[in-house]
Structures are given as structure tokens and as C-alpha cells.
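Trainee: I'd like to learn how to read a structure like this one. Could you take me through a few features?

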Amino acid sequence: MRKISRRSVGALALVLAGSAVLPACTADPTASKPADGKSGKTLTVGLTYIPNIQFAPFYVAESKGFYKDAGLKVNLHHHSFTDDLFSGMTAGKEDVVYAGGDEMLQARAKGMPVVDVATLYHTYPVAMLVPQDSPIRTVRDLRGRHIGTPGPYGETYFGLLAQLKAGGLTTKDVKVQNIGFTQQAALAGKKVDAVMGYLNNDAVQFQQAGIKVRPVEGTSGTTALPLVAAGLGATEKTLDRRGKEVRKFVAATLRGVQYTLQHPDEAVKISKTYIPGMNDQKQQDSALAVLKATTPLMKPPASGKPGHNDPATWARMASFMKEQGLLGKPVTATDAFSNNYLP
């Protein structure tokens, strides 16, 4: 069973502050034909969490008719809290999954031939957060300190390992505490000295709660980490059989990303129809704050192309994850991604 660590936008931990637990889907996964290469132009996409503002680009792409313009019928299938990240693909019920590149690499190490065909987050979305008045300035200052993280899995944990290494430390030099999704209470209550959190969720919620925090130097929005964030993945079998449709889907989704970045207020209004319970102004303001904090994470480098997978980063990630014992067996990085499906 998958741990509830997925953001996967930047994070499956992106539950709107103050909102109730939401239903687990916005589309009926049984409405589409099986994802076996015989279902015409219908694609089922696994969105790896309950309906949330982090999925706004998909909602926008569907609502604005970008998928229809591409000649596609797209079924957005939200996972529940307990769904395995890649179980829908394994069962042949999903054609594409929204997941981290690091998670796709782990899946390949376990025998799932998933390929990352587009990176949606060009900046890794996690950071190490400390109170504003903390004496901790750099990662090296964390030696002997307590660091809270949801658990030994997912982007927050991968980011922790990478940031410790960048600072010349390992988990043996600090005291890692698995605190679930209680970063705010743990840090405000001084149960830990620092927490791993999402820049577009946890940092926003701290701010909205009036708790002053800051990222540890060098851990905020860095593209230097040897990790690849959220993107779109499909199996080799799906790409062989439905590559043209996947390419059209990627292009339409990137249109949704661009529109969301340019029109965040409208994206929130569109998302209201997909996210049960997002009715009052406070929730909408919170969603807009999260979306605006997500914008810099989705923007590609000035010299980069939207959706582009950087081969050098993938190579570093494969080496790093093997070194950290995060892969069951070695994975050839070049097998795990492709830029051939970008527009």
C-alpha cells in the first residue's frame, strides 16, 4: 500500500487549509474503455490524489477544450488515499500517470516499464523550513538537530537526503523524525528544529497561519538537486501502441499549464467545478495562494523548453538514488525518460 506522501505537485500533501476531506474522484473511471491500446482516442489519466488545486492545469485543459481540440477524450481519474501510485497502469485501467520522475525511476527498478514523457515541475518543490529566528542558516548547522519529515518515502524524504548530501551530512549526522503531515504543529511546538515541506503548500500554510518561517539557505527551489519532480508517465507498451495520442495529450496538457500560469484567477474558478467543497472565499483565496506559489516551480529555465526532461539531471538522479539505496536494482536513466513526445 502506498504511503500518503504523494503530491504529487508539487505534492499530494496539497490539501487546502481548512477544507474537509474531499471525495476521491471527479470522473468515473469506468466511463472509458480499457486502457489496452484498443480504446480509440480516449485516454485515462491517473491523478495521484483527491481533487485539488495542484491539478488545475488538467482541469483547465479539459474545461477550455484543449483536449477536445487535440481530438482526444480524456478521463481524469483521481486516486484515493490508499491507491498504489502505479496500480492503475499495472491493471491496464490508466494510460498516463502524473508522478515524480524519482518515483518513476523507482517503479522501473521494480519492473514497471514506465517512461517520463514530460516534466511539469521544472524546479523540485520541497525545501527545509525553520522558524524565522532560528540560528540554523545552512544545512551544516543541522548536525545533531531534529528534522521532521512525513516519512521515509516520497519527495520530502528524497529532498531531505539530497539536501543533506549537498551540505556534507547524512541521516546519521541528524535526528530524522517521521511526523506525518504535522509540519506546522511540530515546528511551532518546537518538537523539531526543521521540517521538510512543499514550497507551494506547507510554506503557504505557515504564512497563512501567521507563523514566520524561512527555508534553510540553499534548499529553496533549487534546480541543482539530483532529482526530477512531477511529470507525465506512460508505459512502453502504451507508447508503442498509442504514441501519437500520448503526444497530443502532452501538448494539450502543456497548453493547460501555460494557461494556468497566465490566468491563475480563472484557473481557480475553473477548478471549483472539479473540487468538491471549494465554495467559500477563504478556500478560494487559499487555492489561489497555492497556485501562485506553484507558478515559479512550473516555469522552465529561460533556455529550456516546457516539458523537457534534462538528461544530465536524470543521470545524476539515477546515480544518487542508487547510492542512497532507493532503487531495488540499477536503472539506466536514458530508458526512463523521453523527449520524443513533446510538441
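Trainee: Which residues gather in a patch of positive charge on the surface?

Mentor: Keep in mind that this is a predicted model. The idea is to look for accessible residues of like charge without a salt bridge, joined within 9 Å. Here, K41, K244, R247 and K248 form such a positive patch on the surface.

Trainee: Where is K248, and is K248 buried or exposed?

Mentor: K248 sits in helix α8, which covers residues 236-262. Its relative accessible area is 37%, so K248 counts as partly exposed.

Trainee: Now the inside. Which residues touch the most other members of the largest nonpolar core?

Mentor: For a core, you look for buried nonpolar residues joined through side-chain atoms within 4.5 Å. The largest one here has 98 residues, and F58, Y98, L105, L232 and F249 touch the most other members. Helix α8 gives the most to this core, with nine residues. There's also a second, separate core of nine residues, with L85, M89, M104 and V114 among them.

Trainee: How much of the chain is buried?

Mentor: Of its 343 residues, 57% count as buried. The accessible surface comes to about 14200 Å², and 51% of that belongs to carbon and sulfur atoms.

Trainee: What about the backbone: what is notable in the phi of K190?

Mentor: In general, most residues other than glycine have a negative phi. K190 has a positive one, near 60°, and isn't a glycine. You'll find K190 in the loop between α6 (183-188) and β8 (194-198). With 75% relative accessibility, K190 counts as exposed, because the cut-off is over 50%.

Notes: Residues numbered from 1 in each chain as written. Predicted model: local features only at pLDDT ≥ 70, side-chain atom pairs only at ≥ 80, totals over all residues. Heavy atoms only, no water. Patch = residues over 30% accessible without salt bridge, like charges linked within 9 Å, V, L, I, M, F, W, Y side chains within 5 Å. Areas by Shrake-Rupley, 256 points an atom, 1.4 Å probe, with all protein chains shown as cover. Salt bridge = Lys/Arg side-chain N within 4 Å of Asp/Glu carboxyl O. Lys, Arg positive; Asp, Glu negative; His and termini not counted. Charge placed at Lys NZ, Arg CZ, Asp CG, Glu CD. Helix = DSSP H or I, 4+ residues; strand = E, 2+ residues; numbered from the N terminus. Buried < 20%, exposed > 50% of the residue type's maximum accessible area, 1.4 Å probe, protein only.
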